[in-house]
Amino acid sequence: MRHLIAGNWKMNGLRAPALALAAALRNAGPIEGCDLLACPPATVLALLADALAGSHVMVGGQDCHAAPAGPHTGDVSASMLRDAGATAVIVGHSERRQDHGETDRAVRAKAHAAQAAGLLPIVCVGETEQERLDGRADIVVGSQLLGSVPEGFIGAVAYEPVWAIGTGRTPADTEVADMHAAIRQVLLDHLGPDGAAVRILYGGSVKAANVASLLALPEVGGALVGGASLMAADFIAIARAASTLSPPAASALSKDGAGA
Ligand code: PEP
């Protein structure tokens, strides 16, 4: 499995800077051993997909509605993202769980819809700082996984400790390794042998300086990058650092659609 390095732009990206960032990513050329994904706001997704067409960089959404169409003002469906040029979508990011009250059940429905539309769902899970301090991180993340990952899942999971997002803090290597091993076990129990093919990304304050040591840990199949994905030089440096490592075995993400 090649490493997947996914950039979550969050609510950042007007057209001109988005195009400038896309041009820089395109000009960096293919980066060996890595699948690169940029997840801009929905308003510039089609623009970015056009700008990156034929390049090594894929484009994804940051959320989708569970329904294919209908009376859901302000929402975007998975098939709309696909139509705009996306090949993947993040679902259940902790900011959506917090800001929009998204439950595991809602995330699961979104992941299912994304997969049905031909997108790679990237399901986010992660504990709060208090939950970790209380010794409940494994239980919380295990329960999020069971609730958010649909049967027949073909996608990726991003382990993002809430307290590590945008804070400059990361868990100790052993904590990341332990959690990724626990996530793999839950996926195997939940999905059977298919659980082995799910790429498990780490997210939370990933930078060029720490990505290599994070990706060298067992069961870390890539990174979900927030702040550092907004600067082309930083995102490219992260991808280059990732490409120096030999990735774990299995399939690549296809630019034409889902693939774990
Ligand atoms: C994120 O929000 O998905 C994230 C990982 O953010 P940051 O890299 O800025 O911590």
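How many residues surround the ligand, and which are the closest? In this predicted model, the ligand is surrounded by 14 residues. The closest are Lys 10, Glu 160, Gly 166, Ser 205 and Gly 226.

**Ligand site**

The shell around the ligand divides by residue class into 8 polar, 4 nonpolar and 2 charged residues. As for its location, the ligand takes up the space of the second largest pocket.

Polar contacts link oxygen atoms of the ligand to His 93, to Glu 160 and to Gly 227. For His 93 the protein partner is a polar side-chain atom, and the contact of Glu 160 is likewise made by a polar side-chain atom. In Gly 227, by contrast, a polar backbone atom faces the ligand oxygen. The distances are listed below.

| Residue | Protein atom | Ligand atom | Distance |
|---|---|---|---|
| His 93 | polar side-chain atom | oxygen | 2.8 Å |
| Glu 160 | polar side-chain atom | oxygen | 2.8 Å |
| Gly 227 | polar backbone atom | oxygen | 2.8 Å |

Glu 160 thus appears both among the closest residues of the shell and among the residues with a polar contact to a ligand oxygen. Taken alone, the ligand exposes 290 Å², of which the protein buries 97%.

**Cysteines**

A disulfide is a covalent bond between the sulfur atoms of two cysteines. How many disulfides does the model contain? The count comes to 0. Why is Cys 39 not bonded to Cys 124? The closest cysteine sulfur to that of Cys 39 belongs to Cys 124 and is 9.4 Å away, which is too far for a bond, because a disulfide requires the two sulfur atoms to lie within 2.5 Å. Cys 124 is in no disulfide either, its nearest cysteine sulfur being that of Cys 39.

Are these two residues buried or exposed? Cys 39 has a relative accessibility of 0% and therefore counts as buried. Cys 124, with a relative accessible area of 2%, is buried as well.

Note on methods: Residues numbered from 1 in each chain as written. Predicted model: local features only at pLDDT ≥ 70, side-chain atom pairs only at ≥ 80, totals over all residues. Heavy atoms only, no water. Near = heavy atom within 4 Å. Polar contact = N/O pair within 3.5 Å; in protein donor to acceptor, adjacent residues only side chain to side chain. Areas by Shrake-Rupley, 256 points an atom, 1.4 Å probe, with all protein chains shown as cover. 1 Å grid on protein atoms, 1.4 Å probe; cavity = no way out; pocket = protein on both sides within 12 Å on 5 of 7 lines; lining within 4 Å. Sits in = over half its atoms within 2 Å of the grid points. Nonpolar A, V, L, I, M, F, W, Y, C, P; charged D, E, K, R; others polar. Buried < 20%, exposed > 50% of the residue type's maximum accessible area, 1.4 Å probe, protein only.
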